Structure formats: C-alpha cells, structure tokens
Amino acid sequence: KIKRLTRAFEIINRIIIGTFWFVLIYIISAVVVLYSQSKVISIYFLLWSVAYIILTSFFVKKKMRLDIAEAESDSKISGVLADSLTNILNIKIFSSSDKEFKYFGHNSLTLKRRIYESAKFGFWRSVLQTIMMVAFQAFILYTMIRLWSIGEITVGVFILTYVYLFSIFVLVWALSSDVSTFMMVVTLME
C-alpha cells in the first residue's frame with residue numbers, strides 16, 4: 001500500500017503539472033488570440049470548453065464510484081487469495097478446498113464484473129465525448145463559413161481556428177483520460 005501511495009503522488013503531480021495546467025493555459029491563450037480576430041468564435045470556444053469540463057466532471061464522479069468498487073473488489077480478492085495460501089494446510093487436512101474455491105470464484109467474478117462495468121462506462125464516455133467534438137467541429141465550420149461569407153473573418157482566421165480546434169481536441173481528450181486516471185489513483189490511495 002505504501003508503494004501505491006508514493007506512485008500515486010507521482011502520477012497526480014504529472015497530471016496536474018503536465019496536463020491540467022497545460023490545457024488550461026492553451027485554452028485561455030486560444031480564446032484570447034481568437035478574441036482579437038473574431039469575438040463570436042472565441043466565445044463559442046470558451047462555451048464549448050466550459051461545457052466539456054462540466055461533462056468531464058460528471059463522468060469523473062461516476063467513474064470514481066466505479067473505481068472505488070473495483071479497488072474494494074481487488075483488495076478483497078487479494079485478501080482471499082492470501083488467506084487461502086496461508087490456510088493451505090488446513091484446506092488439505094480438513095478438505096475444505098471446495099468451499100475455498102467457491103469463495104475465491106465468487107470474489108473473482110465480482111472483480112471481473114466491476115472491471116467490465118468500469119471499462120464499459122469508459123467506452124460510452126469516449127463515444128459521447130467524440131460526438132461532442134464532432135458536433136462542435138461541424139458547428140464551428142458552419143459558423144466560420146457564415147462569418148467568412150459576410151466578410152467578418154479571413155481565410156487566415158479560418159486556418160488559425162482549425163489549428164486551435166484540433167490542438168484543443170487532442171489536449172482535452174488527454175485531459176479527460178488523465179482526470180480518470182487521477183481519480184483512479186486517488187481511490188487507490190485510500
């Protein structure tokens with residue numbers, strides 16, 4: 001447990017400094033630069049970023065509950081295995097191996113089910129976040145074409161916006177994954 005605790009602090013530090021602050025600074029910079037070119041596009045970027053953060057925080061809360069349940073099952077299965085190995089002589093003498101196998105099997109299936117639930121939730125989180133990114137990209141494309149057709153933005157702003165858009169997509173995807181890792185590490189520390 002102590003080894004998990006020290007490893008957890010290393011991961012938390014990497015996520016806070018390497019991911020969270022970098023994403024925050026990048027989004028603020030993108031909004032400021034785009035604001036000087038097109039207030040409409042920068043406001044949409046800011047609103048989308050806030051919506052994405054709110055959605056990610058919802059997912060993190062749900063994922064944390066799943067991770068806690070998984071960690072509890074993992075600890076339980078480790079305890080059952082350790083008890084079985086320490087009691088191997090008693091199992092052999094009193095022929096209670098069937099009982100031990102059933103108990104271990106039950107706990108193994110519980111752990112398997114919780115791992116599956118967590119993985120399934122992660123999959124659906126990724127699907128929803130992908131849909132959100134594609135929808136925002138289509139919306140920004142439509143908005144920029146409309147603004148370009150009335151002469152409010154140039155092709156350069158169009159390209160600049162797309163560079164920021166794809167960079168932010170890559171960064172927030174990594175952020176949502178790292179936030180899930182962060183919460184999992186926090187649950188392992190308990």
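## An all-helix chain with a nonpolar pocket

Of the 190 residues in the protein chain, 35% count as buried, where buried means under 20% relative accessible area, exposed means over 50%, and partly exposed is anything in between (1.4 Å probe, protein chains only). What you have here is a predicted model, so to speak with conditions attached: local features need pLDDT of at least 70, side-chain atom pairs count only at pLDDT 80 or more, and totals for chains, interfaces and linings use all residues. Residue numbers run from 1 along each chain as its sequence is written, and side-chain values use heavy atoms, with hydrogens and water left out.

The fold is quick to describe: 5 helices and 0 strands, giving α-α-α-α-α when read along the sequence. Helices (H or I, at least four residues) and strands (E, at least two) are DSSP runs, numbered from the N terminus.

Now for the salt bridges, meaning a side-chain nitrogen of Lys or Arg within 4 Å of a carboxyl oxygen of Asp or Glu. The whole structure holds 2 of them, and here they are.

| Salt bridge | N to O distance | Where |
|---|---|---|
| Arg14 and Asp178 | 3.7 Å | helix α1 and helix α5, 164 residues apart |
| Arg113 and Glu117 | 3.4 Å | both in helix α4 (residues 97-149), 4 residues apart |

The Arg14 and Asp178 pair links distant parts of the chain. Its two ends sit in unlike surroundings: Arg14 counts as partly exposed at 44% relative accessibility, while Asp178 counts as buried at 12%. The other pair spans about one turn of helix α4, and there Glu117 is partly exposed at 31% and Arg113 is partly exposed at 42%. Arg113 also has a C-alpha atom 9.8 Å from that of Ser73, 40 residues apart along the chain.

Back in helix α1 we find Ile15, which is buried with a relative accessible area of 4%. The C-alpha atoms of Ile15 and Leu175 are separated by 8.2 Å, although the two residues are 160 apart along the chain.

Leu175 turns up again in the largest pocket. On a 1 Å grid over the protein atoms alone, a pocket is an open set of points with protein on both sides within 12 Å along at least five of seven lines, and lining residues have an atom within 4 Å of a point. The largest pocket has about 410 Å³ of space, a volume being the space filled by probe spheres set on the points. Its lining has 18 residues, with Phe20, Val23, Ile53, Leu175 and Val179 lying nearest the centre. Helices α1 (2-37), α2 (39-86) and α5 (155-189) are the elements that give two or more residues to that lining. By class, the lining has 15 nonpolar, 3 polar and no charged residues; Ala, Val, Leu, Ile, Met, Phe, Trp, Tyr, Cys and Pro count as nonpolar, Asp, Glu, Lys and Arg as charged, and the others, Gly among them, as polar.

Phe20 has a second role to note, as part of a nonpolar surface patch of about 750 Å². Its partners there are Ile16, Ile17, Trp21, Leu24, Ile25, Ile28 and Val32. Patches take residues with over 30% relative accessible area and no salt bridge, and nonpolar side chains are joined within 5 Å. Val32, in helix α1, is exposed, with a relative accessible area of 55%.

How values were computed:
On a 1 Å grid over the protein atoms alone, a cavity is a set of points where a 1.4 Å probe fits but cannot get out, and a pocket is an open set with protein on both sides within 12 Å along at least five of seven lines; lining residues have an atom within 4 Å of a point. Patches are made of residues with over 30% relative accessible area and no salt bridge: like charges are joined within 9 Å, nonpolar side chains (Val, Leu, Ile, Met, Phe, Trp, Tyr) within 5 Å. Accessible areas come from the Shrake-Rupley method with a 1.4 Å probe; for residues, only the protein chains shown count as cover.
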